[in-house]
Amino acid sequence: MKDSDGGTFTYALDGGATTTITTAPTTTISTQNGGVTGRGVVRITGVSAASHTIRINVTSPTSASNSVSIGGIGTPGSSSDKNISYVYEGGVTKQREDANSAATAQYNSDALAVVNTLAGDGLKVVFVPVRNFVNGLPSQMFDQLHPNDLGHSLIRDAFESVWQ
């Protein structure tokens, strides 16, 4: 979703009443070519374990610059379900000289909160604190935003530090 627009949706579960949900995206991060990125997350709780039909309708404006996508629907049958895969959510690295520091730190904080919520629901989701590994030092960065070979090796180290 774009900027702070958030999104508005309606959903109906198993043909039942329509419910409206509004999301507020996480802190946006400006890209080098002028775009911005933010994410909103919706959880529908209290649904019994069974097959269900859900109808989702996006009611907020959408466009190429304000797109909406559904990332996933469902939860495991139990927290001990061994057949689901782990999902690793990598945070955002520090930029060279830590430009945009407050926004990237807030984005990571928001992402960690979402990961913790989903893990609490029994999903195998792990946050990867790449910001703790890539400090934005010139020796780690190809340019202001992108890690070089050393920076990428540090990102690998970050993922390995939480590998399940």
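# A chat about the fold

Biologist: How much of β1 is buried?

Modeller: Strand β1 is mostly covered, with five of its seven residues buried. Keep in mind that this is a predicted model.

Biologist: Which strands sit in the sheet with β1, and in what order?

Modeller: The order is β2-β1-β5. Those three strands form an open sheet, and the pairing is antiparallel.

Biologist: Which strands stand at the edges?

Modeller: β2, residues 18-23, and β5, residues 54-58. Each has a single partner strand, so one side of each is left without a neighbour in the sheet.

Biologist: What is the average twist?

Modeller: It averages 25° from one strand to the next.

Biologist: What holds strands of a sheet together in general?

Modeller: Strands pair through backbone hydrogen bonds, either parallel or antiparallel.

Biologist: Back to this one. How many bridges join β1 and β2?

Modeller: Six bridges, in the antiparallel sense. One pairing to look for is T8 in β1 with T22, its bridge partner in β2.

Biologist: What lies between β1 and β2?

Modeller: Four residues, and the two strands form a hairpin. D14 is in the turn and has a positive phi of about 55°.

Biologist: And how many bridges on the β5 side?

Modeller: Five bridges join β1, residues 7-13, to β5, and these strands run antiparallel. A12 has R55 of β5 as its bridge partner. L13 stands opposite I54, also in β5.

Biologist: Let me zoom out. How many helices and strands are there?

Modeller: The chain has two helices and seven strands. From the N terminus on, the elements run β-β-β-β-β-β-α-β-α.

Biologist: What share of the chain is buried?

Modeller: Of the 164 residues, 29% count as buried.

Biologist: How about contacts between residues far apart in sequence, what share do they take?

Modeller: Take the contacts with a separation of 6 or more. Residues 24 or more positions apart account for 59% of them.

Biologist: On to the helices. Where is α1, and how far does it reach?

Modeller: Helix α1 covers residues 101-120, which is 20 residues. From its first C-alpha to its last it reaches 28 Å, close to the 28 Å expected at 1.5 Å a residue.

Biologist: Which of its residues are buried?

Modeller: In α1 the buried ones are A103, T104, Y107, N108, D110, A111 and V115. Seen down the axis of α1, they fall within an arc of 165°, so they line one face of the helix.

Biologist: Why would residues spaced like that point the same way?

Modeller: An α-helix has 3.6 residues a turn, so residues three or four places apart point the same way.

Biologist: What is exposed on the face turned away from the buried side of α1?

Modeller: A102 and G120 are the exposed residues carried there. Just after α1 comes G122, which takes a positive phi of about 100°.

Biologist: Now α2. How many residues does it have?

Modeller: Helix α2 has 14 residues. Its reach is 21 Å from first C-alpha to last, close to the 20 Å expected at 1.5 Å a residue.

Biologist: Which residues of α2 are buried?

Modeller: G151, L154, I155, A158 and V162. Looking down the axis of α2, these buried residues fall within an arc of 105°, so they line one face of the helix.

Biologist: What covers them?

Modeller: The cover includes β6, residues 87-90, and β7, residues 125-128. The face of α2 turned away from the buried side carries the exposed residues D149 and E160.

Biologist: Last topic, salt bridges. How many are there?

Modeller: The count comes to two salt bridges. In one, the side chains of R156 and D157 meet at 3.1 Å, N to O. In the other, R156 pairs with E160, with the closest N and O atoms 3.8 Å apart. R156, D157 and E160 are thus linked in a network of salt bridges.

Biologist: How far apart in α2 are R156 and E160?

Modeller: They are four residues apart in α2, residues 149-162, so they are separated by about one helical turn.

Biologist: What is the relative accessibility of the residues in that network?

Modeller: R156 is partly exposed, with a relative accessible area of 45%. D157 is also partly exposed, at 27% relative accessibility. E160 counts as exposed, at 53%.

Notes: Residues are numbered from 1 along each chain as its sequence is written. This is a predicted model: local features need pLDDT of at least 70, side-chain atom pairs count only at pLDDT 80 or more; totals for chains, interfaces and linings use all residues. Side-chain values use heavy atoms; hydrogens and water are left out. The expected span of a helix is 1.5 Å times one less than its number of residues. Buried means under 20% relative accessible area, exposed over 50%, partly exposed in between (1.4 Å probe, protein chains only). The arc is that of the directions from the helix axis to the C-beta atoms. A salt bridge is a side-chain nitrogen of Lys or Arg within 4 Å of a carboxyl oxygen of Asp or Glu. Two strands pair if DSSP finds at least two bridges between them. Axes are lines fitted to C-alpha atoms, for helices over the stretch in contact, and angles run from 0 to 180 degrees between N-to-C directions. Contact means heavy atoms within 4.5 Å.
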